[in-house]
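Ready for a little hands-on practice? Open the structure in your viewer and work through the exercises at your own pace.

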Amino acid sequence: MHTLNRILQAGKLVPALEQALHARYSVHRLADEPDPAAFLVEHGAQFDAVVTSAAIGLPAQHLAALPSVKVISSFGVGLDKVPVEEAKARGIAVGYTPDVLNDCVADTAFALLLDVARRTAEADRFVRAGQWARLGSNSFGLGRKVSGARMGVVGLGRIGQTIARRGLGFDMEVRYHTRRPVAGVPWAHEPSLTALATWCDFLVVITSGGPSTRHLINEEVLNALGPRGFLINVARGTVVDEAALIRALQDGRIAGAGLDVFESEPQVPDALTGMDNVVLLPHIASATHETRQAMGQRVMDNLDAFERTGQLISAAY
Ligand code: NAP
Ligand code: 8YV
């Protein structure tokens, strides 16, 4: 038994999870503190668990001020803002919410892909602005065909494989790039990211974030994707060199982009908001009632399992 007496809530959570957490445990919201670092210096020792999210994370210096913490339970699958190595070194368990969001993130990748290729958001703006009524039928122009196109998936983990499977329904030819080939999948591994970008019509990015993938999608990859190629990013903003992406779009060196994530969220560069061949989402790939409910449930289940058994349902290491 690892009774959790006092939980630190690192930031804002979805309301249902916040309610469930506060109904079950004694929880303190760090965000309510005017000076969180000073609060932790004074009171950090009273907490034996932290609940956070992929978006909020937990600064390593905050974890250093929490000497009694035994478990971190994070809402989300991305661990780029969670100090996993520091936690591991101290024997602190780290829980997260993989798998339950695969479908919705894959669906969003396809929503972006279809939207940027078939220009649906742009066409919606055209209709609302009265342009169709003014200019008449066939005035909007043409999009790019998606069915039967070539899709390159960068990262073929839980979500990447779900995206690749979606390609089957669109009769797409799918190849992927990862550092190590994945055993037992029907798609061809491409060891060179540049070669994958050259080959495909749609390059869909779904690697993990963090320093090891920073600016993996750089000028060279974008040039390889070429003026008929589209970039879709549902991974992390840091995986794409955003300045290089903007230059490539401005020069017409790629055809367009569908982006759910950005380098400095929630800031989106004006250069992107002014472009019609770009579809922009506010990091909502997992944001459905069903998936967010399942993610919140996994956060609670991780805590519950840790209390009962010392193990997590979904452990990050
Ligand atoms: P996962 O199962 O761990 O898959 C990660 C994949 O990335 C693996 O195939 C891995 O293969 C590949 N990868 C890692 N580093 C790479 C590199 N340098 N070059 C090429 N491939 C690399 O993770 P997942 O559950 O699919 O989630 C993936 C990521 O999606 C999360 O970490 C998160 O950041 C992001 N995400 C975003 C949203 C959103 O709302 N937009 C929602 C959920 C998740 P190798 O290790 O073999 O290279
Ligand atoms: C999160 C995400 O919902 O799971 C992840 O890694 O990026 C999203 O699913 C979002 O970051 C809230 O924490």
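Two exercises follow, each with a worked solution, on a predicted model.

**Exercise 1.** Find which residues come nearest to ligand 1, and which side chains make polar contacts with ligand 1.

*Solution.* Start with the shell: 26 residues surround ligand 1, and the nearest are Arg158, Ile159, Arg179, Arg180 and Asp260. Sorted by class, this shell holds 11 nonpolar, 10 polar and five charged residues.

Next, look for N or O pairs within 3.5 Å, the cut-off for a polar contact. The side chain of Arg180 has an N or O atom 2.8 Å from an oxygen atom of ligand 1. For Asp260, the partner is a nitrogen atom of ligand 1, 2.8 Å from a polar side-chain atom. His283 also qualifies, with a side-chain N or O atom 3.1 Å from an oxygen atom of ligand 1. Finally, consider cover: on its own, ligand 1 has 920 Å² of accessible area, and the protein covers 89% of that.

**Exercise 2.** Work out which strands pair with strand E9, and whether the side chains on its two faces are buried or exposed.

*Solution.* Begin with the pairing. Strand E6 (residues 150-154) runs parallel to E9, joined by four bridges, and here Gly152 sits opposite Leu203. Strand E10 (residues 230-233) is also parallel to E9, again through four bridges, with Val204 opposite Ile232.

Now trace the connection: E9, helix H10 (residues 219-225) and E10 form a right-handed β-α-β unit.

Last, take the faces. In a regular strand, side chains alternate between the two faces of the sheet. In E9 (residues 202-205), Phe202 and Val204 lie on one side, Leu203 and Val205 on the other, and all are buried.

Notes:
Residues are numbered from 1 along each chain as its sequence is written. Chains are lettered from A and ligands numbered from 1 in the order in which they are written. This is a predicted model: local features need pLDDT of at least 70, side-chain atom pairs count only at pLDDT 80 or more; totals for chains, interfaces and linings use all residues. Side-chain values use heavy atoms; hydrogens and water are left out. A residue is near a molecule or strand if one of its heavy atoms lies within 4 Å of it. A polar contact is a pair of N or O atoms within 3.5 Å; within protein, one must be able to donate a hydrogen and the other to accept it, and residues adjacent in sequence count only if both atoms are side-chain atoms. Accessible areas come from the Shrake-Rupley method with a 1.4 Å probe; for residues, only the protein chains shown count as cover. Ala, Val, Leu, Ile, Met, Phe, Trp, Tyr, Cys and Pro count as nonpolar, Asp, Glu, Lys and Arg as charged, and the others, Gly among them, as polar. Buried means under 20% relative accessible area, exposed over 50%, partly exposed in between (1.4 Å probe, protein chains only). Two strands pair if DSSP finds at least two bridges between them. A crossover is right-handed if, with the strands pointing away from the viewer, the path from the first strand over the helix to the second runs clockwise.
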